[in-house]
Amino acid sequence: MKPFTTLFYMARRNAHSSSTSTPHIFIAGLGNAPYPKTRHSVGQYIVNSLSKQLSIPLRSVRGGQMGSGTDPSTGLKITLFKSKQLMNISGPTVVTNFRTTQLPLDKLVLLYDSLTHAPCKLSARLGGSHQGHNGVKSVMQCLGGSTNSKPFWQFRVGVGRGEDKKNIDKSVDAAEWVLGPLSVEEQQYWGPGGEGLEAILREISKVTAEAKVQDGSS
């Protein structure tokens, strides 16, 4: 049996190595798997694009597809996930697979469509309510507690509402609009090598940088 002092220093060394280990983030794209390339599935479209650009193959897991790899430009470990369940009931699969990583909640990023943002626009925030988005609401419910706000990252991807890209037309039926196809421009923008995908990667880097600052100040 090792002396107590030896065990103490081994534990301390292991704690230090875990705190300085490679940053890791879990990215879940929300959508309807049977209806790819629709506005409602833009989150999953982006996960597919990240998979291709970062050479992170997705494999079948319980309830969806998942894969892990490293962003060669930042060294960040990224786990990608997309559920095979329909948007409104995708929460259980997202949360179950996220918990296998044992990451804290602020390392979870949800990618999903936003009717209140113009096409090809990205808005990232930490926390906040689901604002009526049923996919986000499903995730929050499965995390337990209040669904008013959860401390994970929300990357809201604009899909607009109506043909006027600069204005939101609330007279257009929301359900019908989100089930429509992504335009060629949107597919290129959020596709591999697209400006939108580069914006996503920049925001992911910011998330990681912010987490390092918070960890250092705790």
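This is a short walk through a predicted model, one selection at a time.

**Stop one: the strands**

Start by selecting residues 108–114, which form strand β5. Is this strand mostly covered or mostly open? It is mostly covered, with 7 of its 7 residues buried.

Now add residues 24–29, strand β1. β1 and β5 run parallel and are joined by 4 bridges. To see one pairing up close, pick glycine 29 and look for its bridge partner in β5, leucine 111.

Next, bring in strand β7, residues 153–158. How many bridges does β7 share with β5? There are 6, and this pairing is also in the parallel sense. Click on aspartate 113 and you will find valine 157 of β7 standing opposite.

**Stop two: helix α4**

Keep β5 and β7 on screen and select residues 134–143, helix α4. The buried residues of this helix are Gly135, Val136, Ser138, Val139, Met140 and Leu143. What covers them? The cover includes β5 and β7, along with α3 (91–99), so add that helix to your view. Then step just past the end of α4 to glycine 144, where phi is positive, near 90°.

**Stop three: two cysteines**

Cysteine 142 is a residue to colour next: it is partly exposed, with a relative accessible area of 30%. Cysteine 120, by contrast, counts as buried at 13% relative accessibility, since the cut-off for buried is under 20%. How many disulfides turn up in a search of the whole structure? The search finds 0. As a reminder of what that search is looking for, a disulfide is a covalent bond between the sulfur atoms of two cysteines.

**Stop four: the aromatic rings**

Finish with the side-chain rings. The model has 3 aromatic pairs. Show tyrosine 189 and tryptophan 190, and rotate until you can see both rings. Their centres are 4.9 Å apart and their planes stand at 90°, so this pair is edge-to-face; the cut-off for that label is over 60 degrees. Tryptophan 190 is buried, at 1% relative accessibility, whereas tyrosine 189 is partly exposed at 22%.

Then select Phe26, Phe81 and Phe98, which ring pairs link into a cluster. Phe26 takes you back to strand β1, which spans residues 24–29.

For a last look, show tryptophan 177 with arginine 39. Where does the arginine lie? Arginine 39 sits over the face of the tryptophan 177 ring, 3.5 Å from the ring centre.

Definitions and conventions: Residues are numbered from 1 along each chain as its sequence is written. This is a predicted model: local features need pLDDT of at least 70, side-chain atom pairs count only at pLDDT 80 or more; totals for chains, interfaces and linings use all residues. Side-chain values use heavy atoms; hydrogens and water are left out. Rings of Phe, Tyr and Trp (its six-membered ring) pair if their centres lie within 6.5 Å; planes under 30 degrees apart count as stacked, over 60 as edge-to-face and the rest as tilted. Buried means under 20% relative accessible area, exposed over 50%, partly exposed in between (1.4 Å probe, protein chains only). A charge sits over a ring if NZ of Lys or CZ of Arg is within 6 Å of the ring centre and within 35 degrees of the ring normal. Helices (H or I, at least four residues) and strands (E, at least two) are DSSP runs, numbered from the N terminus. Two strands pair if DSSP finds at least two bridges between them. A disulfide is a pair of cysteine sulfur atoms within 2.5 Å. Contact means heavy atoms within 4.5 Å.
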